[in-house]
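Work through the exercises below with the sequence and the model open beside you. Try each task before you read its solution.

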Amino acid sequence: MWRSIITRNSLLRRPSSPYSLCDVLIPSSTSTSSFLMARHPREINTNKTPSSSTSSTSSSFAPPFLFRTFSSTPDSTNHSIPSDSSSSSSSSTTSSASNHGAQPSTSETVSGNAVKHDFQTETQKLLDIVARSLYTDKEVFVRELISNASDAMEKVRHVQVTGKSIIDPDIPFEINIFTNEEEKTLIIQDTGIGMNQSELIQNLGRIGHSGSLEFLKQKGAGGGGEDTSSIIGQFGVGFYSTFMVGNRVRVYSRSAIPPPPPSSSSSSSSSSSSSSSSSSSAPSSYMWESDGTGQYTIAEASGVVRGTKIIINLRDDCSYFSDRKTIENIIKKYSNFVGFPIKLNGERVNTVRPIWTIPKDKVTEDEHKEFYQFIARAYDTPVYRLHYSTDSPIHIRGLFYLPSQHMEKFGMGRLEPGVSLFSRKVMIQAKAKGILPDWLRFVKGVVDSEDIPLNISREHMQDSSLIQKLNSVLTKRIMKFIEGEAKRDPDTYLKWYKEFGTFLKEGICTDFKWKEEISKCLRFETSAKEEGEMTSLEEYVSRMQEGQREIYYLNVPAREYAVNSPYYEGFKAKNLEVLFLYTNLDDFVMQNLNDYGGKTLASIESTKVDVDAEKPATPSNDNSLSEQEVDQLCSWLRTTLSSRVTIVRETKRLHNSPAIITDHETASYRRMMRHMDPTRVPQLPKQQLEINSSHPIIIKLFKQRQTHPVIAKEVAEQVMDNALVAAGLVDDSRSMLPRLNTLLEVALDSPHDLPPPPSSSKNEE
C-alpha cells in the first residue's frame, strides 16, 4: 500500500514557459528557518503558534548560522525561478518588526527549475484523511513537527557516533520557531539530518513512510550499539498534519551527509554544453512545496543551512497559530521535554528538564519543586514523591507526586486525572484517564514508555489489556509507597491523610480490587487513644483482647457524642476498643470493607454484636425489674408504641441509659438521602427497642403505667425519641417540644418526687 509514488527517473519535465508554477506559488520574500529531517512526514515537527515575520533582521537577534551568506548561481535558462529574496523582502522585513525576538533568515533561494509531481490517487485520499480526520486537536501539528525535528537531530548524532563527517559540524543542535501574525506564517527549523532530492520524494511524497522507523531498522540490521530510544517517529504521517492548518507548505532542506564526488567516467562522457555542471558535485539543497491538494514541486535551492526549514502559510481560520503565546503554550504542553533547545522567536522555551529520565540521586530538591509545579500547574510543595522505573511487563519510567492540598474539598469541581502520558519525552495525552484509577486522581506526575502502543495520531493508547496491566502495576506500586511512608513517618502521614484520606475511602467504596491495599493506609480515631490521635486497622488488631472476633466501630458526628453514646457504655465497661468514625463516608467504607485480617468489622449499634459474650455479664442490680415485670412492661410498650416499634426486649449492654434501638438504618444513609432529595426522604420504619430493666426511668415507668397512664404514655414516647436521637435518626427534634413541655410541667408540680441535687463539697463545708 505504501509503495513509492514516483521515482527519480520518472520526474515529469515541465513545458517550456517563461515561468513555472513555483513562480506563482512562491512569494518574492521568504522568512523561514531550515527544518525537516530524513524521515517520514509525521516526523517533521510543526508548532501551532503564529509564525513570525519571514524577513531577516539584525544578526544579533538570532544564532549566527541562521544568517550565513551563501553564494547562489541560479540556472541561466529561461525557465529559472526568481529568487525568494527578491526586492519585496524589504517590505516583509518591515512588517515583521512587531514580532518578539529574533527573526528567521531569508538566505534560501530557489536556483533550479521546479518539477511538478503528482501524489498517487490513494496517497491523495490519505492526505485528505490526515489533514481533516486523523487528529482530534489541530494544535497537535506543532508536537508532530517538533518531534520530527528532534528525530532529525538525533540522526545526525548517530551519524557522528559512527565517525562519519557531516556538513557544518559546528552548527549547534536546536529547533528554531518563528511566528508572524501579519503574514500569518509559522516557521519551524532544525539543524538535523536534512534531506536530499530522493529523500524528499521518498519521505514527503509517500504518506505512511517513516524515515525514523527506516532509520531504526537500518541501525538494527547494522548491529550498532548506539542508544536509539530518543527517536520518536513511528507512523510517517505527522508532517501532513501541517495541512490541517496551512494552505501552502514549503520545505527547504539540506542534507547533513556530504554528496559523493562525481565519477571520472561520468565527467568525461558529458557533453561540452553541460560539462561544467556535471563536473561539480550534485546539489545538496532543495525546496519542496505543496498546497496539499494532490501535487507537489521540488526545485534546487541555495542559501540553505544544514537541516530542514518548514514554512507554513496558515489558513484564515487557523491564523491564531501565528500568535507567539499560542505556540509557546503548545510547546510547553506537548514538547517541553524534547532533548534539544527549542527557541521561539529567539527565546528558549523548554527550560524544565525531564527529570524522570535522570537518576533520582542526580535531581535536586529545587528541580523537583520546579518540575512538580510545572507539570501539576500548582504552587504548593508536594509532601511525597515516587521516582519509579520498571522493565516488566513493559518499559516504564514514572515520577509521581502527592500534593499537600487540593481544591476539591472546597466544592470547586471534581479533580481531573493528574498524571500525563509521555512517549520518549513527548506528551501523548495530558490528564490521561486509565493510567491510574479515578480515586488516585490527586496524584500528579508523568508516565513515560516507549513501548506503549499508540494509535496513528499518537493521541491515545491502543491496547486496552496492556493499559489495564499498566494501571495495575502503577497502582500497586503507589499504594505500597503510601503504606511505607505511613509507617516510616506517622506524624507526616497523618497530616497528609487528613487532607487526602477521603480519596482513599472513595477507593474502598468504588474499587473492590484494591480494598485490601487501601485498607492498610486507612486511619481512624479510637477509644484507646486520646482525641486527635489515630490508629490503623493493623494496630487495632494487634491490641484486640483474647477471644475477640470483631473490630468494633461507631459512626457519630464527633468524639464527644461517641464517648457519651449509650451504644458505647457496655464496651467502655469491659475495656473493649472501639473505632470512632466521624463522616458519612466512613459508614459506607466499613460496609464495603467488611473485614480486615480475618476479623469482621462490626457496628456496635447492631444486635449482632454480643457484648456479653466477650466477658461475663455484670451482676444484676437488685433494684432491677424481675423477669416477669420486664415481660409485662415490654408488652405494654409494644401496645403503646405500636406505630413506632416492632420488637421490645430487654438488654444487658446498657448501664447509664434507659433504652436504645438496634439494627436500624444508619444515620449516614438517611443524611445521604436527605441531601439527594429533601422532599423524598423515606419515612422512618418501625424499630427494635431494647430497654435497661435496672434504669430508674424504666423501673418508675413500670409503676406509672397503671397509676398515671397518661403521663406514662408521654414518658414512653419520650424514651423512644431519646433512643432515636442517640441513633442519629431524628430528622427534626422540634416535634418533641410539646411533649417535653408537658413532662416539665408535671415534674414541677411534684417537686417532692424530684431527686435531690448532687452533693457539693463547697456546700458541705
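Does D168 count as buried or exposed, given its relative accessibility? At 18% relative accessibility, D168 counts as buried, where buried means under 20% relative accessible area, exposed means over 50%, and partly exposed lies in between, computed with a 1.4 Å probe on protein chains only. The structure is a predicted model, in which local features need pLDDT of at least 70 and side-chain atom pairs count only at pLDDT 80 or more, whereas totals for chains, interfaces and linings use all residues. Residues are numbered from 1 along each chain as its sequence is written, and side-chain values use heavy atoms, with hydrogens and water left out.

**Exercise 1. Describe the chain as a whole.**

Begin with the secondary structure: the chain has 24 helices and 23 strands, taken as DSSP runs numbered from the N terminus, with helices being H or I of at least four residues and strands being E of at least two. Turn next to burial, for which 52% of the 765 residues count as buried. Finally, consider the contacts (heavy atoms within 4.5 Å): among those in the chain with a separation of 6 or more, 80% are between residues 24 or more positions apart.

**Exercise 2. Locate D168 and R377, and compare their backbone and surroundings.**

For the location, D168 is in the loop between α4 (140-161) and β3 (175-180), while R377 is in the loop between α10 and β11 (384-390). For the backbone, phi of D168 is near 50 degrees, a positive value in a residue other than glycine, and phi of R377 is likewise a positive value near 50 degrees in a residue other than glycine. For accessibility, R377 counts as exposed at 56%, whereas D168 counts as buried at 18%. One further step concerns the side chain of R377, which lies over the face of F374 at 5.0 Å from the ring centre; a charge sits over a ring if NZ of Lys or CZ of Arg is within 6 Å of the ring centre and within 35 degrees of the ring normal.

**Exercise 3. Follow the aromatic pairs that involve F371.**

A pair of aromatic rings is described by the distance of the centres and the angle of the planes. Rings of Phe, Tyr and Trp (its six-membered ring) pair if their centres lie within 6.5 Å, and planes under 30 degrees apart count as stacked, over 60 as edge-to-face and the rest as tilted. The structure holds 26 such pairs. In one of them, the ring centres of F337 and F371 are 5.5 Å apart and the planes stand at 50 degrees, so this pair is tilted. The pair links distant parts of the chain, because F337 lies in the loop between α9 (324-334) and β9 (342-344) and F371 in helix α10 (residues 365-376), 34 residues apart.

Now check burial: F337 is buried at a relative accessible area of 1%, and F371 is buried at 0%. The ring of F371 also pairs with that of Y401, with centres 6.2 Å apart and planes at 40 degrees, so this pair too is tilted. Since Y401 belongs to strand β12 (residues 396-402) and F371 to helix α10, the pair ties together parts that are 30 residues apart in sequence. Y401 counts as buried as well, at 1% relative accessibility.

**Exercise 4. Work out how helix α19 packs against its partners, and where L633 fits in.**Start with the axes, which are lines fitted to C-alpha atoms, for helices over the stretch in contact, with angles running from 0 to 180 degrees between N-to-C directions. Helix α19 (residues 627-640) packs with helix α21 (residues 696-707) at an angle of about 70 degrees, their axes being 10 Å apart. That makes α19 roughly perpendicular to α21, given that angles under 35 degrees count as roughly parallel, over 145 as roughly antiparallel, 65 to 115 as roughly perpendicular and the rest as oblique.

Next, list the residues: E629, Q632, L633, W636 and L637 in α19 meet I698, L701, F702 and R705 in α21. L633 is buried, with a relative accessible area of 0%, and, not counting residues up to four places away in sequence, L633 touches L625, I691, I698, L701, F702 and R705.

The last step is the other partner, helix α22 (residues 709-727), whose axis comes within 11 Å of that of α19 and crosses it at roughly 85 degrees. Here W636, L637 and T640 in α19 meet A712, K713, A716 and E717 in α22.
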